[in-house]
Amino acid sequence: GFPTVLASWSLAIASLAMQSRINAYGAATIAGSSVAASVNSIICLTSAAFNTTAGPFVGQNFGAKKYRRVNKGMLYIAALTLAGTLLCTLIAAVFKEQVYGIFNSDPAALEQAYLRMKNDLLHGSFLQAFANIYGMALSGMGYAVLPMITNLISVAVNLAWTQFIYPLRPTLEFLYLVFPVTAILTGIGDMLICHLLLRKLIKKGEESRQ
């Protein structure tokens, strides 16, 4: 429980640092960014659904030492998560006027929402979905500290980006680029850690039976 709380707490700090930069661009940007974040949260519900599946599945099979089944099952869950997230992202992108218009009708705010969408939704959402399911999988395996570490690294990159890198090129596009960067760190990082651990356990189990 403690690693999960610490990771969530650190993410809140990173969000505050990002929001302080966004606020400097005025009301339209603030409203547009909020709209894009709301749509992204809805899209992330797709991974949340598979997230609830990954925890019990991994926990039960890992406890039974069925490591190959865990490895194969997580690949299936990842594929389904990717397909669902990309489908929702595609719908949000193709029908952006209708989807984003639900939250705000101001043209200036919607223009800013589309700007954030390009980096947040189109580049980062499916990778963040991987972080959600593989973070849960690692917790189910008893390695909750590992996704906490990747989250803390992601937060450190976010803070470094907003405080030191962004001022070198102070544009919204460059600021929003931090979303796919941190999503790569957490999503790909958790996925590699999970499958490398499983591969090691599978190999160890096979050697012990010889």
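Contact here means heavy atoms within 4.5 Å. On that basis, and leaving out residues up to four places away in sequence, T81 touches S47, F50, A129 and I133 in this predicted model. T81 sits in helix α3, and its relative accessible area comes out at 0%. Since buried means under 20% relative accessible area, T81 counts as buried.

T81 has company. The buried residues of α3 also include Y67, V70, G73, M74, I77 and A78, and further along the helix G84, T85, T89 and A92. As for the helix itself, α3 has 28 residues and covers 40 Å from its first C-alpha to its last, close to the 40 Å expected at 1.5 Å a residue.

Some of those buried positions turn up again from the α2 side. F57 is found in helix α2 and, with residues up to four places away in sequence set aside, touches R69, V70, G73, M74 and I77. Of these, V70, G73, M74 and I77 are on the buried list for α3. For the pair F57 and M74, which are 17 residues apart along the chain, the C-alpha atoms are separated by 9.0 Å.

Helix α2 runs over residues 27-63, and its 37 residues should span 54 Å at 1.5 Å a residue. The end C-alpha atoms of α2 are 51 Å apart, which agrees with that figure. Still, α2 is not straight throughout: there is a bend of about 30 degrees at T46.

What comes after α2 is worth a look too. The helix is followed by K65, a residue in the loop between α2 and α3. Phi of K65 is near 60 degrees, and that is a positive value in a residue other than glycine. The cut-off for exposed is over 50% relative accessible area, so K65, with 62%, is exposed.

The far end of α3 shows another side of the surface. V94 lies in this helix, which takes in residues 67-94, and V94 counts as exposed because its relative accessibility is 54%. V94 also belongs to a nonpolar surface patch of about 490 Å², made together with L87, L90, I91 and F95. So α3 carries both kinds of residue: T81, buried at 0%, and V94, exposed at 54%.

Definitions and conventions:
Residues numbered from 1 in each chain as written. Predicted model: local features only at pLDDT ≥ 70, side-chain atom pairs only at ≥ 80, totals over all residues. Heavy atoms only, no water. Patch = residues over 30% accessible without salt bridge, like charges linked within 9 Å, V, L, I, M, F, W, Y side chains within 5 Å. Areas by Shrake-Rupley, 256 points an atom, 1.4 Å probe, with all protein chains shown as cover. Salt bridge = Lys/Arg side-chain N within 4 Å of Asp/Glu carboxyl O. Helix = DSSP H or I, 4+ residues; strand = E, 2+ residues; numbered from the N terminus. Buried < 20%, exposed > 50% of the residue type's maximum accessible area, 1.4 Å probe, protein only. Expected span 1.5 Å × (residues − 1). Bend = angle between axes of the 7 residues up to and from the residue.
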